[in-house]
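Me: I would like to learn how to read a predicted complex feature by feature, with the general idea given before each case. Could we work through one together, with the structure in view?

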Amino acid sequence: MTMVAVAGREGASEVERWTLPSARDFETVNALIAAPLLERGSWSWRVWWTAFVVSVALTTVFLIMIFMVFTRGIGIWGVNTTVVWGFAIADYVWWIGIGNAGTLISAMLLLMRQKWRASTNRFAEAMTLFAATIAGIFPIIHMGRPLYWYWLTPYPNTMHLWPQWRSALIWDFWAILSYILFSILFWYVGLIPDFATMRDRARTKAPRAIYGALALGWRGAAQHWYVYERLHIALACLGVPLVVSLHSVVGMDFAASLMPGWQETIFPPYFVVGAMYSGFAMVVCLAALVRWGFRMESLITVAHFDVIAKVMLTAAIVMGVSYATEWFNAWYGGDPTDRKLVAFEFTGAYAPMFWTMLACNVAIPQAFWFSAVRQRISAVFLISVLINIGMWFERILIIWNTLSHDYTPSMWRLFIPTFWDWVTTFGSLGLFAVMYLVFVRLIPVVSMHEVRRLIAEERSS
Amino acid sequence: MTCLLLAQFSDRAHFLTAARRMHDAGHRLRDAFTPFPVEEILDLLPQHRSHSRVVMFVAGIGMAAIAYGLEYFSAVTNYPYNSGGRPLDAWPAFMLVPFATGILVAAVAGFTTLLVETGLPRLHHPLFAVDGFERASQDHFILAIEAPPIGEGKHRVVGMLRDIGAARIQEIER
């Protein structure tokens with residue numbers, strides 16, 4: 001209740017909203033963030049270990065699935081000659097969407113001077129990195145002949161063949177590759193000063209050596225900070241267009257085709273907003289878990305959830321308008337195939353999922369109009385989970401509806417997921433959880449130097 | 001040999017006051033070590049320069065040109081492939097690869113510039129041996145001031161720093 005009161009307090013300055021008074025001291029912030037990593041003995045890791053064991057089990061199943069796909073082929077999934085894309089591609093689009101929000105939060109909010117990014121950017125960027133890495137696995141395992149993945153790259157070969165540069169799938173390869181490597185770099189640059197703090201706080205040899213090596217000898221000298229700041233902002237300027245282009249390209253994978261429902265020029269921006277939407281929803285889930293698991297109530301405040309809920313509300317409205325634009329275009333364009341496709345979406349075999357998607361993505365998030373909902377973390381968390389489910393439905397339906405309802409009725413077939421399809425989806429969640437759990441145990445989950453700066457500004461204001 | 005005074009402050013305001021007063025009194029400030037960037041200090045220190053953005057721009061444009069050149073060479077010269085009569089040099093479709101790789105290489109160039117301009121990685125530095133220097137990455141602000149090596153001048157500087165609120169003053173020789 002106190003936190004709600006602080007967040008909603010009239011006249012609270014812009015900065016005061018983002019930290020609670022109990023964490024307005026440099027040493028308190030450092031201790032709060034570094035202690036779980038350096039003084040592990042004094043922390044109970046029971047929940048962590050439980051989550052880790054479950055995630056490793058899921059990851060193992062995921063690896064078995066990959067082995068099965070590599071040895072038996074993609075026939076183990078529910079894909080057929082009509083619905084040639086299935087869960088793997090939907091999962092790819094879903095994960096890459098989640099992989100967008102970290103850089104968006106970090107880079108765009110940095111450029112817009114939104115101070116609240118300080119305590120959220122680190123774990124959001126980590127989310128980006130892991131989600132984009134997982135997303136990169138799917139196109140490769142979906143290839144059918146994954147051993148030829150390197151044909152995507154331009155290299156001199158005896159067949160004198162080159163990649164088809166006009167293909168959106170080639171753009172995808174370059175966009176993802178560049179994005180993952182860029183994200184690693186952006187993340188690491190932001191981490192260097194924090195590794196230095198960890199090095200200087202470590203009391204035992206191994207952590208000091210490891211964090212020391214990662215900190216590269218950072219001393220916090222004026223020249224260090226000067227170059228760092230300029231580079232960080234320049235990277236943010238580059239990151240925003242890169243992240244927008246990444247999901248636009250994913251949108252073009254669909255929009256560049258001739259299938260009914262996949263010819264929408266609105267796809268690139270609509271995919272970018274959808275990506276930001278599901279990414280923010282995932283950030284909320286992770287923020288709530290990090291806040292609870294690491295007792296970060298004083299750094300990740302109700303005000304953070306409130307502001308992210310507002311972003312998600314905006315995205316929900318944009319998504320609603322985008323869906324409506326698709327339906328309108330189908331009607332206004334007058335093509336019977338497109339009109340039938342929309343009718344199939346609302347009334348066909350996948351209709352229950354379609355209605356669920358509309359409820360999760362458009363209707364339920366309207367609750368964020370009310371500050372009472374935005375400032376109740378459990379409510380924001382629950383709606384975010386629903387948004388993630390809704391966005392997953394959206395991804396799978398973009399594929400299923402169009403492919404199941406082609407131009408020729410004799411080709412119409414449905415997709416029936418197999419056991420391995422479900423393993424693909426839930427196994428990837430396990431892999432994500434493993435990477436995330438390892439991250440929170442080894443790397444400061446909140447950017448210490450940025451929070452220190454935030455509270456220094458708060459003090460001087 | 002120069003005598004360097006390292007004055008530690010637990011507060012940013014005191015640290016800045018000390019820096020300004022030392023600067024006004026004609027003492028040369030050598031460097032400052034802070035737990036987060038303090039922009040106000042830069043005006044008082046020797047010139048700081050960074051060419052990272054120029055390097056990034058050149059590297060990014062260079063990579064984009066190479067990527068486009070590769071696309072042009074492969075699609076127009078080396079393996080012309082007529083796909084439905086579309087132009088061989090399909091520049092709008094060719095834009096993404098130069099764009100994405102250009103940004104990536106610009107970022108890598110920027111990071112390399114960071115390393116060059118900060119002298120990192122340098123895992124051992126004499127300053128790490130100074131007692132209390134580890135606080136500079138946590139909660140203390142350290143000012144490195146060139147001081148007269150002996151005599152009254154030095155005592156006056158030390159006294160002044162103490163009056164402003166230095167938590168600790170150490171002397172090192174360089």
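Me: In which helix does A:H232 lie, and does A:H232 count as buried or exposed?

Reply: Elements are read as DSSP runs numbered from the N terminus, a helix being H or I over at least four residues and a strand being E over at least two; on that reading, A:H232 lies in helix α8 of chain A. Burial is judged by counting the other C-beta atoms, placed from the backbone, within 10 Å of a residue's own: 20 or more makes it buried, 12 or fewer exposed, and anything in between partly exposed. A:H232 counts as buried because it has 20 C-beta neighbours inside 10 Å. Please keep in mind that this is a predicted model, in which local features need pLDDT of at least 70 and side-chain atom pairs count only at pLDDT 80 or more, while totals for chains, interfaces and linings use all residues. Residues are numbered from 1 along each chain as its sequence is written, and chains are lettered from A and ligands numbered from 1 in the order in which they are written.

Me: Which residues is A:H232 in contact with, leaving aside its neighbours within four places in sequence?

Reply: Two residues are in contact if their C-beta atoms, placed from the backbone, lie within 7 Å. With the sequence neighbours within four places left aside, A:H232 is in contact with A:V189 and A:G190. A:G190 is 42 residues from A:H232 in sequence, yet the C-alpha atoms of the two are 7.4 Å apart in space.

Me: How should I read the length and course of α6(A), and where does its kink lie?

Reply: The expected span of a helix is 1.5 Å times one less than its number of residues. For the 34 residues of α6(A) this gives 50 Å, and the end C-alpha atoms are 48 Å apart, which agrees. The bend at a residue is the angle between axes fitted to the seven residues ending there and the seven starting there, and in α6(A) a kink of about 40 degrees lies at A:I192, shortly before the proline A:P193. This helix, α6(A), is mostly covered, with 24 of its 34 residues buried.

Me: How does α4(B) read by the same steps, and what follows just after it?

Reply: The 23 residues of α4(B) reach 33 Å from the first C-alpha to the last, close to the 33 Å expected. Since 18 of these 23 residues are buried, α4(B) is largely enclosed by the rest of the structure. Just after α4(B), B:G119 takes a positive phi of about 75 degrees. A cis peptide bond then joins B:L120 and B:P121, with omega about -5 degrees, and B:P121 lies in the loop between α4 and β3 (141–147) of chain B.

Me: Which residues other than glycine have a positive phi, A:H160 and A:L216 among them, and where do they lie?

Reply: Let us take these two in turn. A:H160, with phi near 55 degrees, lies in the loop between α5 (121–141) and α6 of chain A, and it counts as exposed because it has 9 C-beta neighbours inside 10 Å. A:L216, with phi near 65 degrees, has its place in the loop between α7 and α8 of chain A and is partly exposed, with 18 other C-beta atoms within 10 Å.

Me: How many residues does each chain give to the contact, and which helix of chain A supplies the largest share?

Reply: The contact takes 49 residues from chain A and 52 residues from chain B. On the side of chain A that touches chain B, α2 (26–38), α6 (168–201), α7 (205–215), α8 (222–255) and α16 (448–460) each supply at least two residues, and the largest share, 16 residues, comes from α8(A).

Me: What confidence does the predictor attach to the chains and to the complex?

Reply: pLDDT is the predictor's confidence in each residue, from 0 to 100. Its mean is 87 for chain A, where 96% of the residues reach 70 or more, and 86 for chain B, where 96% likewise reach 70 or more. Among the elements of chain B, helix α5 (residues 151–164) has the lowest mean pLDDT, 76, and helix α4 (residues 96–118) the highest, 94. Over residues 1–12 of chain A pLDDT stays under 50. For the complex, the predictor gives an ipTM of 0.92 and a pTM of 0.90.
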